[in-house]
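Here are my notes after a look through this one, jotted down point by point. Have the model open while you read.

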Amino acid sequence: MFSVISRSPRQARTRAIVKTACYRLVMVVVTVAVAWAVVGDISDAVSVGIVANLVKTGTYYAYERLWDRIVWGLPSA
């Protein structure tokens with residue numbers, strides 16, 4: 001039977017956390033810049049940027065960990 005789910009992760013959990021943190025830092029800056037352009041107030045823009053990115057960080061981490069277990073499309077070890 002063909003299985004696309006692997007029991008062992010392809011990358012260390014620490015690596016996934018660092019990748020997530022770095023990516024989210026860049027996205028906080030982008031979100032704050034866009035929100036500032038739309039609302040015109042830096043304080044509101046920072047609030048939007050922080051809340052939106054906290055939610056997105058958890059979602060991205062879970063998504064990354066899920067894909068780390070899918071072997072479809074990867075060369076056989």
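1. Let me start with R65 and D68, both of which are buried. Keep in mind that this is a predicted model. The two residues sit in helix α2, three positions apart, or about one turn of the helix. Their side chains form a salt bridge, with 3.7 Å from N to O. As a reminder, an α-helix has 3.6 residues a turn, so residues three or four places apart point the same way.

2. How many salt bridges does the structure hold? There are two, and the other pair to look at is K19 with E64, whose side chains meet at 2.9 Å, N to O. Here K19 belongs to helix α1 and E64 to helix α2, so this pair ties together parts that are 45 residues apart in sequence. Is E64 buried or exposed? E64 has a relative accessible area of 16%, so it counts as buried, the cut-off being under 20%. K19 comes out at 31% and is partly exposed.

3. Next, have a look at Q11, in the segment before α1. With a relative accessible area of 12%, Q11 is buried. What is Q11 in contact with, once neighbours within four places in sequence are left aside? The answer is A16, K19, E64, R65 and D68, so point 1 and point 2 come back here, given that contact means heavy atoms within 4.5 Å. The C-alpha atoms of Q11 and R69 are 9.6 Å from each other, although 58 residues separate the two along the chain.

4. On to the aromatic pairs, of which the structure holds two. One of them is Y23 with Y60, a stacked pair with 5.2 Å centre to centre and 20° between the planes. Y23 is in helix α1 and Y60 is in helix α2, so the pair ties together parts 37 residues apart in sequence. Both rings belong to partly exposed residues: Y23 has a relative accessible area of 38%, and Y60 is at 21%.

5. N53 is worth a click too. N53 is in helix α2, and at 2% relative accessibility it counts as buried. Its side chain makes a polar contact of 3.3 Å with the side chain of T31. Apart from neighbours within four places in sequence, N53 is in contact with R24, M27, V28 and T31.

6. Now for helix α1 itself. Which residues of α1 are buried? They are A16, T20, R24, T31, V32 and A35, and what covers them includes α2, residues 42-68. The length of α1 checks out: the 27 residues from 13 to 39 should span 39 Å at 1.5 Å a residue, and the end C-alpha atoms are 37 Å apart, which agrees. After α1 comes G40, with a positive phi near 80°.

7. Last, the overall picture. The secondary structure amounts to two helices and zero strands. Of the protein's 77 residues, 19% count as buried. Among contacts with a separation of 6 or more, 72% come from residues 24 or more positions apart. The accessible surface is about 5,800 Å², and carbon and sulfur atoms hold 71% of that.

Conventions: Residues numbered from 1 in each chain as written. Predicted model: local features only at pLDDT ≥ 70, side-chain atom pairs only at ≥ 80, totals over all residues. Heavy atoms only, no water. Helix = DSSP H or I, 4+ residues; strand = E, 2+ residues; numbered from the N terminus. Expected span 1.5 Å × (residues − 1). Buried < 20%, exposed > 50% of the residue type's maximum accessible area, 1.4 Å probe, protein only. Areas by Shrake-Rupley, 256 points an atom, 1.4 Å probe, with all protein chains shown as cover. Phe/Tyr/Trp six-rings, centres within 6.5 Å; stacked < 30°, edge-to-face > 60°. Polar contact = N/O pair within 3.5 Å; in protein donor to acceptor, adjacent residues only side chain to side chain. Salt bridge = Lys/Arg side-chain N within 4 Å of Asp/Glu carboxyl O.
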